[in-house]
Amino acid sequence: MKMAMAAVAASFVLCALFFAATGTHAEPTTEAVATSEQVPSILPVCKTVGGGSVFFDVQFCLEALGSDGRSANAGTDYHTCSVIAADLLTANATTTAVKIAGLLLRDRGGKGVDDEATTRCLRSCEALYGGVQSGCAAAVRGRRSGEATRCLEEAASAAEQCEDGFRKSKVASPVTMENDDAFKLAKLAVALLRMAR
């Protein structure tokens with residue numbers, strides 16, 4: 001009987017030590033709880049358009065729209081969010097065009113792209129990105145849904161064609177990330193536009 005009592009006491013002590021060591025006790029924790037200021041107001045919008053999309057996910061939507069200060073007050077205003085996405089696409093297209101021009105300029109000076117296939121692909125991309133400037137954003141802002149959707153789909157297609165040119169030529173693309181972002185931003189803006197109707 002004494003051995004049984006000793007075994008129970010030892011088990012109790014071991015359990016107490018285990019729970020103390022693992023921190024699973026009943027005292028309140030100091031873990032952070034998300035407040036309304038930490039949860040983006042655009043989360044419902046991103047869940048709606050990104051949750052079932054095959055082109056982008058909720059996280060991309062949150063990161064993209066969240067990178068623009070206007071999204072803090074956008075809430076579930078799909079039109080405002082589509083304007084933000086279209087503006088981000090325009091900025092992406094502009095910086096990508098500048099990057100491509102810089103790569104081609106260095107190529108002419110002998111310090112940039114070192115093969116003909118890459119140069120040819122960059123020239124093709126330069127022409128494709130030339131049409132993706134502010135036209136889409138203006139159509140979105142002006143609530144011209146048909147025109148805006150066509151323009152955005154063309155922008156997505158331009159990004160795909162640019163990347164496909166490198167793939168078909170079997171050379172590495174120096175603008176893969178930019179093409180991926182442009183494609184996703186265009187598709188995001190289209191999805192937001194559809195919800196804004």
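Buried means under 20% relative accessible area, exposed means over 50%, and partly exposed is in between, with a 1.4 Å probe and protein chains only. I start there since the burial terms come up throughout.

This is a predicted model, in which local features need pLDDT of at least 70, side-chain atom pairs count only at pLDDT 80 or more, and totals for chains, interfaces and linings use all residues. Residues are numbered from 1 along each chain as its sequence is written, and side-chain values use heavy atoms, with hydrogens and water left out.

I will take the cysteines, then the charged pairs.

Disulfides. A disulfide is a covalent bond between the sulfur atoms of two cysteines. The cut-off here is a pair of cysteine sulfur atoms within 2.5 Å. How many disulfides does the structure hold? There are 3. With bonded cysteines counted along the chain, the pattern is 1-2, 3-6, 4-5.

Helices will be named as I go. They are DSSP runs of H or I with at least four residues, strands are runs of E with at least two, and both are numbered from the N terminus.

Take Cys46 and Cys61, which are joined with an S to S distance of 2.1 Å. This pair links distant parts of the chain, with Cys46 in helix α2 (residues 43-50) and Cys61 in helix α3 (residues 58-66), 15 residues apart. The link is left-handed, at -70 degrees about the S-S bond. Cys46 has 0% relative accessibility and counts as buried. Cys61 is also at 0%, and buried.

Next, Cys125 and Cys162, with the sulfurs joined at 1.9 Å. Cys125 sits in helix α5 (residues 116-130) and Cys162 in helix α7 (residues 145-169), so this disulfide ties together parts that are 37 residues apart in sequence. The angle about the S-S bond is 100 degrees, and the link is right-handed. Both Cys125 and Cys162 are buried.

Then Cys136 and Cys151, whose sulfur atoms are 2.0 Å apart. Here Cys136 belongs to helix α6 (residues 135-141) and Cys151 to helix α7, so parts that are 15 residues apart in sequence are tied together. Why is this disulfide called left-handed? Because the torsion about the S-S bond of Cys136 and Cys151 is about -90 degrees. Cys136 is buried, and Cys151 is buried too.

Two other cysteines deserve a mention. Why is there no bond from Cys81 to Cys46? The sulfur of Cys46 is the closest cysteine sulfur to that of Cys81, but at 6.9 Å it is too far for a bond. Cys81 is buried, at a relative accessible area of 0%. For Cys121 the closest cysteine sulfur is in Cys125, and the distance of 6.6 Å is again too far for a bond. Cys121 counts as buried, with 6% relative accessibility.

Salt bridges. Side chains of opposite charge can pair when their charged atoms come close. The rule applied is a side-chain nitrogen of Lys or Arg within 4 Å of a carboxyl oxygen of Asp or Glu. By this rule the count is 8 salt bridges, and I will go through some of them.

Arg141 and Asp87 form one of these, with N to O at 2.4 Å. Since Arg141 is in helix α6 and Asp87 in helix α4 (residues 78-108), the bridge ties together parts that are 54 residues apart in sequence. Arg141 is partly exposed, at 43% relative accessibility. Which residues share a network of salt bridges with Arg141? They are Asp68, Arg70 and Asp87.

Glu178 pairs with Lys99, and the closest N and O atoms are 2.9 Å apart. Glu178 lies in helix α8 (residues 176-196) and Lys99 in helix α4, so the pair connects parts that are 79 residues apart in sequence. Is Glu178 buried or exposed? Glu178 is buried, with a relative accessible area of 13%. Lys99, at 32%, is partly exposed.

Asp164 and Arg167 also meet in a salt bridge, at 2.6 Å from N to O. This one stays within helix α7, where the two residues are 3 apart and so separated by about one helical turn. Asp164 is partly exposed at 28% relative accessibility, and Arg167 is exposed, with a relative accessible area of 54%.

That is the list.
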